[in-house]
Amino acid sequence: MLNVMHYLLKAKKEVSGEEIAGALNISRTAVWKQINQMKKMGFIIHATHKAGYELIGFPKERIIPGLVEFYYGKLPPFEIISLESVDSTNNYAKKLIVDHSKTNSFILTSDEQTLGRGRMSRKWESEKGKDLTFTFNYCLDQDVNEYYKFTIIAAMAVFYSIKSVQVEENYELKIKWPNDIYLNKKKICGILSEMITEGLRIKNMLIGIGINVNSDPAVERAISMKQAFGKETDRNSLLALIISNLDKYLNLYTSRNFEAVFQLWKSNLGWIGDEIRIDTGKEKISGIFKDIYPDGAIVIVANGIERVFYSGDLLT
Ligand code: BT5
């Protein structure tokens with residue numbers, strides 16, 4: 001599936017239309033058409049009548065499936081759909097499945113969300129073209145009790161992708177139970193997991209992921225990768241990395257090795273042993289964060305009594 005975009009990206013120098021046409025086995029008019037499409041997407045291509053085409057810049061503020069595929073290095077395991085603006089990628093993904101009968105797994109990204117959602121109708125803020133906001137729709141047929149595993153898989157995929165952008169470990173990256181990611185005690189990523197079920201079977205996991213990448217988030221206790229690492233990160237290559245890690249951890253799950261992912265997740269949880277508060281929606285309980293059960297539940301010792309919670313907000 002090599003196309004003109006990939007050819008120019010690989011060439012890193014001026015190449016003639018004739019050379020590209022020959023290599024891809026397409027006509028020079030087809031090359032020219034693809035070049036024009038790329039220009040419309042925001043690629044900057046230097047074209048000379050004699051010598052040919054040279055790619056000199058690409059659109060930073062757009063997620064381009066072809067670019068993500070290029071960074072991925074081979075055909076990604078999931079279709080990539082990219083929008084410029086949408087209310088919420090989770091809402092739109094649901095629409096594609098329910099109203100448009102889409103039956104394959106996909107990654108749906110949007111450069112802007114006008115009504116980004118967190119859990120319990122809270123807002124998720126993001127800046128157009130600067131952050132990553134996407135939904136991973138994973139088609140499956142599993143018992144509803146497996147639900148928590150996919151959120152853990154997604155959290156680990158994002159966690160290690162952020163970690164590998166900045167190799168020097170002069171920062172603290174932690175998971176806040178159950179699946180927020182915190183950098184230096186500030187939130188850098190939020191995950192909203194939803195599902196479509198039939199009876200007691202999960203048919204679709206819709207995992208909405210918001211990552212502060214190149215923005216300056218105007219939210220209390222938030223941080224972006226740019227603020228933490230002092231440099232911008234290419235969102236297309238970051239998404240390629242996340243897809244690759246998602247695939248890796250999903251493969252562990254399908255090969256019955258979820259326990260390995262679970263242990264990784266557990267070992268990267270923050271605040272274990274600390275005095276914390278949990279808000280369950282019904283009550284707020286203070287205590288010591290003692291442990292995690294094998295099914296992902298949190299164990300808190302409050303007034304000498306162990307209490308176990310399956311959902312809630314950790315207030316740290
Ligand atoms: C979450 O909810 O953290 C899940 C966020 C999921 C967002 C993604 S983006 C793609 C997909 N489409 C959607 O519509 N949503 C998903 P929760 O744990 O409820 O946290 C929400 C709280 O995080 C808010 O009340 C704010 O306090 C805080 N917050 C909002 N925007 C933030 C940001 N950019 N960075 C850090 N914290 C933020």
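Me: Let's start with the ligand. Where does the ligand sit in this structure?

Reply: Look for the largest pocket, since that is where the ligand sits. One thing to keep in mind as we go: this is a predicted model.

Me: Okay. And which elements give two or more residues to the shell around the ligand?

Reply: There's one helix on that list, H5 (89-98). The others are strands: S5 (132-143), S8 (186-198) and S9 (201-211). S8 gives the largest share of the shell, with 4 residues.

Me: Which residues come nearest to the ligand?

Reply: To read that, count a residue as part of the surroundings if one of its heavy atoms lies within 4 Å of the ligand. Here 25 residues are around the ligand, and the ones that come nearest are Ser-88, Gln-113, Arg-117, Arg-122 and Lys-187.

Me: What does the shell look like by class?

Reply: You'll find 11 polar residues in the shell, along with 7 nonpolar and 7 charged ones.

Me: How do I spot a polar contact, and which atom of Lys-187 should I look at?

Reply: The general idea is to look for a pair of N or O atoms within 3.5 Å. Start with Arg-117, where a polar backbone atom is 2.7 Å from an oxygen atom of the ligand. Next, try Arg-119: a backbone N or O atom there lies 2.8 Å from a ligand oxygen. With Lys-187, turn to the side chain, because a polar atom there is 2.8 Å from an oxygen atom of the ligand, within the 3.5 Å cut-off.

Me: How much of the ligand's accessible area does the protein cover?

Reply: On its own, the ligand has 790 Å² of accessible area, and the protein covers 90% of that.

Me: Now the strands. How do S5 and S9 pair, parallel or antiparallel?

Reply: For any pair of strands, check the direction and then count the bridges. S5 and S9 pair in the antiparallel sense, over 10 bridges. To find your place, use Tyr-138, which stands opposite Met-205 in S9. S5 also has S4 (106-110) as an antiparallel partner, joined to S5 by 4 bridges. There, Phe-106 stands opposite Asn-137 in S5.

Me: What do S6 and S7 form?

Reply: A hairpin, with 3 residues between the two strands. S6 covers residues 173-176 and S7 covers residues 180-183; they run antiparallel and are joined by 4 bridges. Lys-176 stands opposite Asp-180 in S7.

Me: Which peptide bond is cis, and where is Pro-178 found?

Reply: For a cis bond, look at omega. The bond from Trp-177 to Pro-178 is cis, with omega near 0°. Pro-178 is found in the loop between S6 and S7, so go back to that hairpin to see the bond.

Me: How many residues lie between S12 and S13?

Reply: That's 2, and these strands form a hairpin as well. S12 (residues 298-302) and S13 (residues 305-309) pair in the antiparallel sense over 5 bridges, with Val-299 opposite Val-308 in S13. In the turn, Asn-303 has a positive phi of about 50°.

Me: Where is Ser-101 found, and what is its phi?

Reply: Ser-101 is not a glycine, yet its phi is positive, about 50°. Look for Ser-101 in the loop between H5 and S4.

Terms used: Residues numbered from 1 in each chain as written. Predicted model: local features only at pLDDT ≥ 70, side-chain atom pairs only at ≥ 80, totals over all residues. Heavy atoms only, no water. Polar contact = N/O pair within 3.5 Å; in protein donor to acceptor, adjacent residues only side chain to side chain. Areas by Shrake-Rupley, 256 points an atom, 1.4 Å probe, with all protein chains shown as cover. 1 Å grid on protein atoms, 1.4 Å probe; cavity = no way out; pocket = protein on both sides within 12 Å on 5 of 7 lines; lining within 4 Å. Sits in = over half its atoms within 2 Å of the grid points. Nonpolar A, V, L, I, M, F, W, Y, C, P; charged D, E, K, R; others polar. Pairing = 2+ DSSP bridges.
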